[in-house]
Amino acid sequence: MMKIGVLVSGGGTNLQAIIDNIEAGTITNASIACVISNNPGVFALERAVKHGIPGECMSPADYPDRPAYHQALIQRLKDYGVELVVLAGFLVNISPEMVAAFPNRIINIHPSLIPSFCGKGFYGLKVHEAALARGVKITGATVHFVDEGTDSGPIIMQKAVEIPEGISAKDLQLKVMQEAEWIILPAAIQKICSSNQ
């Protein structure tokens, strides 16, 4: 049974997709050991508690500097016995030390078809606003391993989503979540966990 640690910053819709797939049995050989948020009081932590999963906030503001925060975060994940770290809308840059502590064991979901609209400054709604501003007809989501760059690690899975005429960035964000993110993130986790049996 592979222990997953899910790192979040907000509402936790991708976390919910993982929970639902574990409970439905479409993700096998895996359990969520912990949910850690960098922001206090986010709905993702309520989702964790509702499903009996340990959830806590570790804010960078509570540490003297970023290196101290990252060291504490690595230690906390190890305390929970985490083997796979899933970044589900986690808006804190991952340190090289964390990448080294969990080699090829950190995955991220990004709301575009990498290499489009990714890298520094591309997160959340900004990704969808950029896609609409550029006039692309197809967008999507990508699950990739995390390396020391931003959105630059090896790609695990991608799914395309068509962009309808006149859609708002907010509606496109939801469409990409529903048609791509909530499908490929659980599928990628299942792929990794089943190959680890």
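From the N terminus on, the elements of the chain follow the order β-α-β-α-β-α-β-α-β-α-β-β-α. That order comprises 6 helices and 7 strands. The model described here is a predicted one, and the paragraphs below go from the overall fold to single residues.

Taken as a whole, the chain has a radius of gyration of 16 Å, which agrees with the value near 16 Å that a compact globule of 197 residues would have. Along the principal axes, the C-alpha atoms fill a box of roughly 50 × 40 × 30 Å. Buried residues make up 51% of the 197 in the chain. Contacts also reach across the sequence: among those between residues at least 6 apart, 65% join residues at least 24 apart. On the outside, the accessible surface comes to about 9,200 Å², and carbon and sulfur atoms account for 53% of that area. As for charge, there are 15 positive and 18 negative side chains, and the centres of these two sets lie 3 Å apart.

The interior is a good place to look next. The largest nonpolar core has 37 residues, and those with the most contacts inside it are Val-6, Val-35, Leu-84, Val-86, Ile-107 and Ile-189. Helix α6, residues 169–194, gives the most to this core, with 9 residues. Apart from this core lies another, of 22 residues, including Ile-74, Leu-77, Met-98 and Phe-102. Within the largest core, Ile-189 can be followed contact by contact. Leaving out residues up to four places away in sequence, Ile-189 touches Ile-4, Ile-18, Ile-27, Leu-84, Val-86 and Ile-107. Leu-84, Val-86 and Ile-107 are thus partners of Ile-189 and are also listed among the residues with the most contacts inside the core.

Helix α6 also holds a charged residue, Lys-175. Lys-175 counts as buried because its relative accessibility is 17%, below the 20% cut-off. Beyond its neighbours within four places in sequence, Lys-175 is in contact with Val-161, Glu-162, Pro-164, Ile-167 and Ala-180. A negative residue, Asp-20, sits in helix α1, which covers residues 13–24. With 39% relative accessibility, Asp-20 counts as partly exposed. Asp-20 and Ala-100 are 80 residues apart in sequence, and their C-alpha atoms are 30 Å apart in space.

Several loop positions deserve a closer look at the backbone. A cis peptide bond joins Ile-114 and Pro-115, with omega at about 20 degrees. Pro-115 belongs to the loop between β5 (106–110) and α5 (125–134), and its relative accessible area of 72% makes it exposed. From Pro-115 to Thr-139 the C-alpha to C-alpha distance is 11 Å, across 24 residues of sequence.

Two asparagines in loops have a positive phi. For Asn-29 the angle is near 60 degrees, a positive value in a residue other than glycine. Asn-29 is found in the loop between α1 and β2 (30–37), where it is buried, with a relative accessible area of 19%. For Asn-104, phi is near 55 degrees, again positive in a residue other than glycine. The loop that holds Asn-104 runs between α4 (96–101) and β5.

Terms used: Residues numbered from 1 in each chain as written. Predicted model: local features only at pLDDT ≥ 70, side-chain atom pairs only at ≥ 80, totals over all residues. Heavy atoms only, no water. Core = buried A, V, L, I, M, F, W, Y, C linked by side-chain atoms within 4.5 Å. Buried < 20%, exposed > 50% of the residue type's maximum accessible area, 1.4 Å probe, protein only. Helix = DSSP H or I, 4+ residues; strand = E, 2+ residues; numbered from the N terminus. Contact = heavy atoms within 4.5 Å. Rg over C-alpha atoms; globule rule 2.2 N^0.38 Å. Areas by Shrake-Rupley, 256 points an atom, 1.4 Å probe, with all protein chains shown as cover. Lys, Arg positive; Asp, Glu negative; His and termini not counted. Charge placed at Lys NZ, Arg CZ, Asp CG, Glu CD.
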